[in-house]
Amino acid sequence: MPVESARRAKQPVSRLGAEELTEDGRDIFRTLTGHFSALAPLSVAERELLRELSAASRYHPPSRDLHGVGPPPPVTRLIVSGWACRYRRLPGGRRQIVSFMLPGNFVGPVLRPRFLSPCAVAAITEVETVDATRLVEAAHAVDPAHPGLALAVRLMAHWEDWLLCDQIVRLGR
């Protein structure tokens with residue numbers, strides 16, 4: 001199914017090869033590798049894992065929830081293109097945006113897999129994600145087979161916590 005028709009049909013799209021460029025000229029594998037290698041050195045095995053992850057992506061149309069408040073989604077996803085936001089629904093139906101999410105942000109639990117999600121996540125633009133379950137598993141491994149990815153995932157989760165704390169401080173001023 002061509003990418004454009006899948007977008008219109010709001011169905012997931014699978015990529016056949018991680019090395020193939022997408023229609024807009026992007027290479028998901030290079031995007032993921034560049035993002036994670038900026039945080040930690042990656043081994044050949046870790047790069048191969050990223051290649052496997054980039055082989056299948058999924059599109060989410062604008063204004064659609066990627067997951068809601070409450071139980072965490074069954075699959076943690078990683079944004080590879082587009083913008084999303086974390087939000088809380090207010091009385092009267094309005095939404096308060098808590099944070100914006102860009103490529104490289106996780107959708108779903110990373111370091112606290114059993115906790116309830118305090119915010120919903122919605123696509124602002126068309127968002128493309130990949131299944132990040134294996135990255136999260138690498139971050140939880142006691143003796144990780146992928147130490148570079150484990151470190152990068154933990155750093156990303158810590159950075160998100162840091163940004164949310166900064167947001168709270170700004171609101172208090």
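1. Let's start with Ser37, which is partly exposed, with a relative accessible area of 31%. This residue sits in helix H2. Its C-alpha atom is separated by 8.0 Å from that of Ala152, although the two residues are 115 residues apart along the chain. Please keep in mind throughout that this is a predicted model.

2. Staying with helix H2, which spans residues 28-37, the buried residues are Ile28, Phe29, Leu32, Thr33 and Phe36. Viewed down the helix axis, these buried residues fall within an arc of 125°, so they line one face of H2. The general background is handy here: an α-helix has 3.6 residues a turn, so residues three or four places apart point the same way.

3. The start of H2 deserves a look of its own. There, a side-chain oxygen of Asp27 comes to within 3.1 Å of the backbone nitrogen of Phe29. Asp27 also meets Arg30 in a salt bridge between their side chains, at 2.8 Å from N to O. The two partners differ in how they are covered: Asp27 is buried because its relative accessible area is 5%, under the 20% cut-off, while Arg30 counts as exposed at 53% relative accessibility.

4. How many salt bridges does the structure hold? There are 3, and the one between Arg30 and Asp27 has just been described. As a reminder, side chains of opposite charge can pair when their charged atoms come close.

5. Next comes the pair Glu48 and Arg51, which form a salt bridge with their closest N and O atoms 3.4 Å apart. Both lie in helix H3 (residues 44-53), and because they are 3 residues apart there, about one helical turn separates them. Glu48 is partly exposed, with a relative accessible area of 36%, and Arg51 is partly exposed too, at 27%.

6. The side chains of Arg134 and Glu52 also meet in a salt bridge, at 2.6 Å from N to O. Arg134 belongs to helix H4 (residues 133-140) and Glu52 to helix H3, so this pair ties together parts that are 82 residues apart in sequence. Arg134 is partly exposed, with a relative accessible area of 40%, and Glu52 counts as partly exposed at 41% relative accessibility.

7. Now for the strands. In what order do the 4 strands of the open sheet run? The order is E1-E8-E3-E6, and the pairing is antiparallel. Strand E1 (57-60) and E6 are the edge strands, each pairing on one side only. If you would like to trace one pairing by eye, try E1 with strand E8 (residues 127-131): they pair in the antiparallel sense over 4 bridges. Among the residues to look for there, Ser57 has Val130 in E8 as its bridge partner.

8. Finally, a word on the surface. Which residues form a nonpolar patch there? They are Trp83, Ile97, Phe100, Leu102 and Ile124, and together they have about 460 Å² of accessible area. One of them, Leu102, is found in the loop between strand E5 (95-101) and strand E6 (106-107). Leu102 counts as partly exposed, at 34% relative accessibility.

Notes: Residues are numbered from 1 along each chain as its sequence is written. This is a predicted model: local features need pLDDT of at least 70, side-chain atom pairs count only at pLDDT 80 or more; totals for chains, interfaces and linings use all residues. Side-chain values use heavy atoms; hydrogens and water are left out. Patches are made of residues with over 30% relative accessible area and no salt bridge: like charges are joined within 9 Å, nonpolar side chains (Val, Leu, Ile, Met, Phe, Trp, Tyr) within 5 Å. Accessible areas come from the Shrake-Rupley method with a 1.4 Å probe; for residues, only the protein chains shown count as cover. A salt bridge is a side-chain nitrogen of Lys or Arg within 4 Å of a carboxyl oxygen of Asp or Glu. Helices (H or I, at least four residues) and strands (E, at least two) are DSSP runs, numbered from the N terminus. Buried means under 20% relative accessible area, exposed over 50%, partly exposed in between (1.4 Å probe, protein chains only). The arc is that of the directions from the helix axis to the C-beta atoms. A polar contact is a pair of N or O atoms within 3.5 Å; within protein, one must be able to donate a hydrogen and the other to accept it, and residues adjacent in sequence count only if both atoms are side-chain atoms. Two strands pair if DSSP finds at least two bridges between them.
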